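Visitor: Could you walk me through this one slowly? I am new to it.

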Amino acid sequence: MPAAAGRPVLDASALLAYLGDEPGAELVASAIAGGAVIATVNLAEALNTLAARGREPAEVAALLTDRGLLGGAITVEPFTGADAIETARLRPLTRAAGLSLADRACLALAARLAAPALTADRAWQQLALDVDVHTIRAPA
């Protein structure tokens, strides 16, 4: 079993909430303090969002690495062939909730690691999956 097994898996929305000090950031900070995991796909999504906001992705990644987050408190987990299959398998099960490929990649990694998934997306709570989903924001 991978060293990251059981540690919370961050969705891009959770990482972005933490980086932007948005509602729920304190829950993400707590998860990171205990050791968290993010899939390469979700890291790419978070960096893509920051790039759209005018940030340089390489600089953000370097800053997070220098702070001991990426490759430290947050393990960056590769997206595997098995993850790709699970992500695709989840498509019909999550379509009604509007989950993206990256959302499903997060869930696939959480399933592989037998770990909870952290997200800001409340729609994930509607899902009947074998993954423990924790939303970082209070219900609306």
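Visitor: To start somewhere, what covers the buried residues of helix 2?

Guide: The cover over the buried residues of helix 2 includes strand 1, helix 1 (12–19), strand 2, strand 3 and strand 4. Buried here means under 20% relative accessible area, exposed means over 50%, and partly exposed lies in between, with a 1.4 Å probe and protein chains only. Helices (H or I, at least four residues) and strands (E, at least two) are DSSP runs, numbered from the N terminus.

Visitor: Before we go on, what sort of model is this?

Guide: This is a predicted model, in which local features need pLDDT of at least 70 and side-chain atom pairs count only at pLDDT 80 or more, while totals for chains, interfaces and linings use all residues. Residues are numbered from 1 along each chain as its sequence is written, and side-chain values use heavy atoms, with hydrogens and water left out.

Visitor: And what is the mean pLDDT of the chain?

Guide: The mean pLDDT, which is the predictor's confidence in each residue on a scale from 0 to 100, is 94 for the protein chain, and 96% of the residues reach 70 or more. Among the elements, strand 1 has the highest mean, 98, and strand 5 the lowest, 94.

Visitor: Back to helix 2, then: which residues in it are buried?

Guide: Ala-25, Val-28, Ala-31 and Ile-32 are the buried residues in helix 2. Seen down the helix axis, they fall within an arc of 120 degrees (taken from the directions from the axis to the C-beta atoms), so they line one face of helix 2. The face turned away from that buried side carries Glu-26, Ser-30 and Ala-33, which are exposed.

Visitor: What follows helix 2?

Guide: Helix 2 is followed by Gly-35, whose phi is positive, near 100 degrees. A positive phi also turns up just after helix 1, where Asp-21 has a value of about 50 degrees.

Visitor: Now the sheet: what is the order of its strands?

Guide: The sheet is open, with 5 strands in the order 3-2-1-4-5 and parallel pairing; two strands pair if DSSP finds at least two bridges between them. Strand 3 (74–77) and strand 5 (133–135) are the edge strands, each pairing on one side only.

Visitor: How many bridges join strand 1 to strand 4?

Guide: There are 2 bridges between strand 1 (residues 9–10) and strand 4 (residues 117–119), which run parallel, and Val-9 has Ala-117 as its bridge partner in strand 4. Strand 1 is also joined to strand 2 by 2 bridges, again in parallel, with Leu-10 standing opposite Ile-38 in strand 2. Strand 2 and strand 3 pair in the parallel sense over 4 bridges, and Ala-36 has Ile-74 as its partner in strand 3.

Visitor: Are the faces of strand 2 covered or open?

Guide: Both faces of strand 2 are covered, with Ala-36 and Ile-38 buried on one side and Val-37 and Ala-39 buried on the other. In a regular strand the side chains alternate between the two faces of the sheet.

Visitor: Which strands does helix 2 lie across?

Guide: Helix 2 (residues 25–33) lies across strand 1, strand 2 (36–39), strand 3, strand 4 and strand 5, running at about 150 degrees to strand 4. Helix 3 (residues 40–52) also packs on the sheet, touching strand 1, strand 2 and strand 3, and its direction makes about 80 degrees with that of strand 2. Axes are lines fitted to C-alpha atoms, for helices over the stretch in contact, and angles run from 0 to 180 degrees between N-to-C directions.

Visitor: What about Leu-118, buried or exposed?

Guide: Leu-118, which lies in strand 4, is buried, with a relative accessible area of 8%. Leaving aside neighbours within four places in sequence, its contacts (heavy atoms within 4.5 Å) include Val-9, Leu-10, Leu-27, Val-28, Ala-31 and His-134.

Visitor: One last topic, helix 5: what does Thr-94 touch there?

Guide: Thr-94, found in helix 5, touches Leu-99, Arg-104, Leu-127 and Leu-129, not counting residues up to four places away in sequence. Thr-94 is buried, with a relative accessible area of 0%. Asp-83, also placed in helix 5 (residues 81–94), is buried with a value of 2%, and with the same kind of neighbours left out it touches Pro-78, Ala-108, Leu-109 and Arg-112.
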